[in-house]
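Let's take a friendly walk through this structure, stopping at a handful of places worth a look. Keep the viewer open so that you can turn to each spot as it comes up.

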Amino acid sequence: SVAVLALTACTEPNNHTVKILAHRGNASTGSEFTTDENSLDALRRAQEGGFAGIEFDVHITADDQLVIHHDNKIAPGLTCQGSTFDEIRAHKLPFGHQIPTLREWLEQAKKTPEIKQLLEIKSHKAEGREAELIRKSLEIIRELDMVEQMYMLSFKTETVDEVLRQEPNMRVVLNSSSLHHSLTPAEVKERGYHAVSYNINVILNHPQWIDEFHANGTETFLWMVNTPYLYNLAKEFGFTWVTTDFYDEIIK
């Protein structure tokens, strides 16, 4: 395609080793999900699989507990942000696991300090809830002495900025899938962000950004990478990381 040709033209190929990030832990075998994503089982499987990093999603409950689940909605009448911790804890995920707390996740993650942990701050409609989520998350991270092992990420610049306000030493990542509203390399550097996680569509429309990010010292995550084609493209053009649900599939 024209976009891929432009990417080739604007980027010096670099068939380096790209780091692999387990999206919501390692919940798949081959092309099938075989455990609950964002569960402690998925975390342990990712740790045993030797991933460079593991991504997970955090919400704050109605009674101010931190829980790990992707969507706000869990089941009919049950949500991460609108229900109590006890109500959420009573629910069983499809493969039979409980929804973990942030403390449980980090205590397990600390056993493999070489594996980075990427905490995604989920969007909350109620004012001030994301700032409170960040505050409570950082309390646990500091208590466990895990700042150096962590990244914190969000799709919202104001949320990423709030992380840096509360903890200037935290590595922060801006997520984006917007073709026309993603921050430029210069804007990312000016804001002090450590990394970006951009959808392939963003990069194909701004191929010159890859080299500019790296020249600025900004790490680059490509998501989602669930096919060998995208994985090889990421390696060829020098992305720092790829984010995948299906590790077995992309390395074929």
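What follows goes through two helix pairs, then some single residues and their surroundings. Please bear in mind that this is a predicted model.

Let's begin with helix α2, residues 40-49, and helix α4, residues 102-109. How do their axes lie? They come within 10 Å and cross at roughly 15°. An angle under 35 degrees counts as roughly parallel, so that is how α2 runs relative to α4. The crossing of the two is right-handed. If you display the side chains, you will find Leu40, Leu43, Arg44 and Gln47 on the α2 side, meeting Glu104, Trp105, Gln108 and Ala109 from α4. Sorted by class, this contact holds 4 nonpolar, 2 polar and 2 charged residues.

Now turn to the second pair, helix α5 (residues 129-143) and helix α6 (residues 157-166). Here the axes are 10 Å apart, and the helices pack at an angle of about 40°. The two are therefore oblique to each other, and their crossing is right-handed. From α5 come Glu130, Ala131, Ile134, Arg135, Leu138 and Arg142, which meet Thr159, Glu162, Val163 and Gln166 of α6. The residues of this contact divide into 4 nonpolar, 2 polar and 4 charged.

One of the α6 residues in that contact, Thr159, also leads us to the next stop, since Thr159 is among the residues that Ser154 touches. Ser154 sits in strand β9, which spans residues 150-154. Is Ser154 buried or exposed? With a relative accessibility of 2%, Ser154 counts as buried, because the cut-off for that class is under 20%. Beyond its neighbours within four places in sequence, Ser154 is in contact with Ile121, Thr159, Val160, Val173, Leu174 and Asn175. The Ser154 side chain also reaches the backbone nitrogen of Lys156, at 3.0 Å.

A second buried residue is Thr218, at 4% relative accessibility. Look for Thr218 in the loop between α9 (209-215) and β12 (219-223). Not counting residues up to four places away in sequence, Thr218 touches Val188, His194, Ala195, Val196 and Phe213. Glu236 is 18 residues from Thr218 in sequence, and their C-alpha atoms are 18 Å apart.

Next comes Glu187 in helix α7, residues 185-191. At 33% relative accessible area, Glu187 is partly exposed. Its side chain reaches the backbone nitrogen of Thr184 at 2.8 Å. In sequence Glu187 and Met170 are 17 residues apart, while 18 Å separates their C-alpha atoms.

To finish, let's check some backbone details. Where does a cis peptide bond occur? The bond joining Trp223 and Met224 is cis, with omega about -20°. Met224 belongs to the loop between β12 and α10 (228-236).

Two aspartates have a positive phi. Asp64 has a phi near 70° and lies in the loop between β4 (53-60) and β5 (66-68). For Asp145, phi is about 55°, and this residue is found in the loop between α5 and β9. Their exposure can be read alongside: Asp64 is partly exposed, with 30% relative accessible area, whereas Asp145 is exposed, at 67%.

Terms used:
Residues numbered from 1 in each chain as written. Predicted model: local features only at pLDDT ≥ 70, side-chain atom pairs only at ≥ 80, totals over all residues. Heavy atoms only, no water. Helix = DSSP H or I, 4+ residues; strand = E, 2+ residues; numbered from the N terminus. Buried < 20%, exposed > 50% of the residue type's maximum accessible area, 1.4 Å probe, protein only. Polar contact = N/O pair within 3.5 Å; in protein donor to acceptor, adjacent residues only side chain to side chain. Contact = heavy atoms within 4.5 Å. Axes fitted to C-alpha atoms, helices over the stretch in contact; angles between N-to-C directions. Parallel < 35°, antiparallel > 145°, perpendicular 65-115°, else oblique. Left-handed = near helix turned anticlockwise from the far one by under 90°. Nonpolar A, V, L, I, M, F, W, Y, C, P; charged D, E, K, R; others polar.
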